[in-house]
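Hi everyone, thanks for letting me go today. Have a look at the screen while I talk you through this one, and stop me whenever you like.

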Amino acid sequence: MADKKNEILEEQRRAREEFLELKKMQHGEIEAPPKPSEVALVPKTPKEKWDNFWFQYKWYVVAITATVVVLSVLIAQCVSRPKYDFEAVYFTYTPVLDEQTEKVSDYLKKYGEDVNGDGEVKIQVINCSFSDKGNVQYKNTMLTKLQSLIAGDEKALIYITDSESYKYLEGISDSTSIFEGEPLAFGEDFYKSTETENFGALPEGLQVSCRRVSDTVLESKKNIKPLYNAAKNLIEKLSDLN
């Protein structure tokens, strides 16, 4: 009973002290303690610290991570992308598939030069072929693609055409031809080498030309001279086969 009585007296004492303290705060004699909501909770455990960090900076972490991923993909694509020595534009009114133009690329590589000095000849054949009587939207897409190549792609100096598509290209300029000299007709070796198992031989009547550089926007392009010389040499080698 004595212990119980002592506990009651102790509770009464604390209550009186708290009451007196409250009165003093009300009269401004002592400063009131901060509210519980104003007391900073300092994280102590590793989990609490991580939770606090994630709560405050999660969107920064997400944004930075997304940026790093995008940059990594772009860099990987740039590194793995083939660096072509030069390009050949395949433009005819008889559509062909990329599998067929890949065969053309393999054929031209045998007579091309390593312009960029990486120890390997790489020629990209850009397929701009379409049926003149086919889908109008697709035709316009291919013509837009073709015009962008003509307008300023310094690597696109070799053009493979048929008679009709060649006339179209010659009609682009009212004053001078966009090509140098007359087109060279491909020989029998070309058709044999570019024949595919699925689609057979390419349409006959194909010819190759070199884009004129002098007095064009291409003339001011950096490194245009080695590209032009390589394109001219390729056509000369093809000419020696006939």
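So, seven helices and five strands make up the chain's set of elements. Keep in mind that this is a predicted model. If you start at the N terminus and walk along, the order goes α-α-β-α-β-α-β-α-β-α-β-α. The chain has 242 residues, and 29% of them are buried. Here's another number for the whole chain: take the contacts between residues at least 6 apart in sequence, and 70% of those join residues at least 24 apart.

Okay, on to the sheet. In what order do the five strands line up? It's β2-β1-β3-β5-β4, in an open sheet with mixed pairing. Now look at the two ends of that order: β2 and β4 each have a single partner strand, so each has one side left without a neighbour in the sheet.

Let's zoom in on β1, residues 86-91. How many of its six residues are buried? Six of them. And that goes for both faces: F86, A88 and Y90 are buried on one side, while E87, V89 and F91 are buried on the other.

β1 has a parallel pairing with β2, made of five bridges. To find it on your screen, look for A88, which sits opposite V125 in β2. Then there's β3, which also pairs with β1 in the parallel sense, again over five bridges. E87 is a handy residue to click on here. Opposite E87 in β2 you'll find Q124, and opposite E87 in β3 you'll find A156.

What about β2 itself, residues 123-127? Four of its five residues are buried, so to speak under cover. Getting from β1 to β2 takes you through helix α3, residues 98-109, and together the three make a right-handed β-α-β unit.

Further along the sheet, do β3 and β5 run parallel or antiparallel? They run antiparallel, with four bridges joining them. One pair to look for there is I158 with its bridge partner C210 in β5.

Since I've just mentioned a cysteine, let's check those. How many disulfides does a search of the whole structure find? Zero. As for where two of the cysteines sit, C128 is buried, with a relative accessible area of 0%. C210 counts as buried too, at 2% relative accessibility.

Now for a helix, and I've picked α7, which covers residues 224-241. It has 18 residues and reaches 26 Å from first C-alpha to last, close to the 26 Å expected at 1.5 Å a residue. Which of its residues are buried? They are I224, L227, Y228, A230, A231, L234, I235 and L238. Look down the helix axis and you'll see those buried residues fall within an arc of 165°, so they line one face of the helix. Turn to the face pointing away from that buried side, and you meet the exposed residues K225 and D240.

And what covers the buried residues of α7? The list includes β1, α3, β2, β3, β4 and β5. So that's where the helix and the strands we've talked about come together.

Last stop: the loop between β5, residues 207-210, and α7. A bit of background first. Most residues other than glycine have a negative phi. With that in mind, go to D215, which is in this loop. D215 isn't a glycine, and still its phi is positive, at about 60°. Is D215 buried or exposed? Exposed, with a relative accessible area of 67%.

The same loop, between β5 and α7, holds N223 as well. N223 is another residue other than glycine with a positive phi, and its value is near 60°.

That's my tour. If you'd like to retrace it later, start with β1 and its two buried faces, go across the sheet to the antiparallel pair β3 and β5, and finish on α7 with its buried face. Any questions?

Definitions and conventions. Residues numbered from 1 in each chain as written. Predicted model: local features only at pLDDT ≥ 70, side-chain atom pairs only at ≥ 80, totals over all residues. Heavy atoms only, no water. Buried < 20%, exposed > 50% of the residue type's maximum accessible area, 1.4 Å probe, protein only. Pairing = 2+ DSSP bridges. Right-handed = clockwise from strand over helix to strand, strands pointing away. Expected span 1.5 Å × (residues − 1). Arc of directions from axis to C-beta. Contact = heavy atoms within 4.5 Å. Disulfide = S-S within 2.5 Å.
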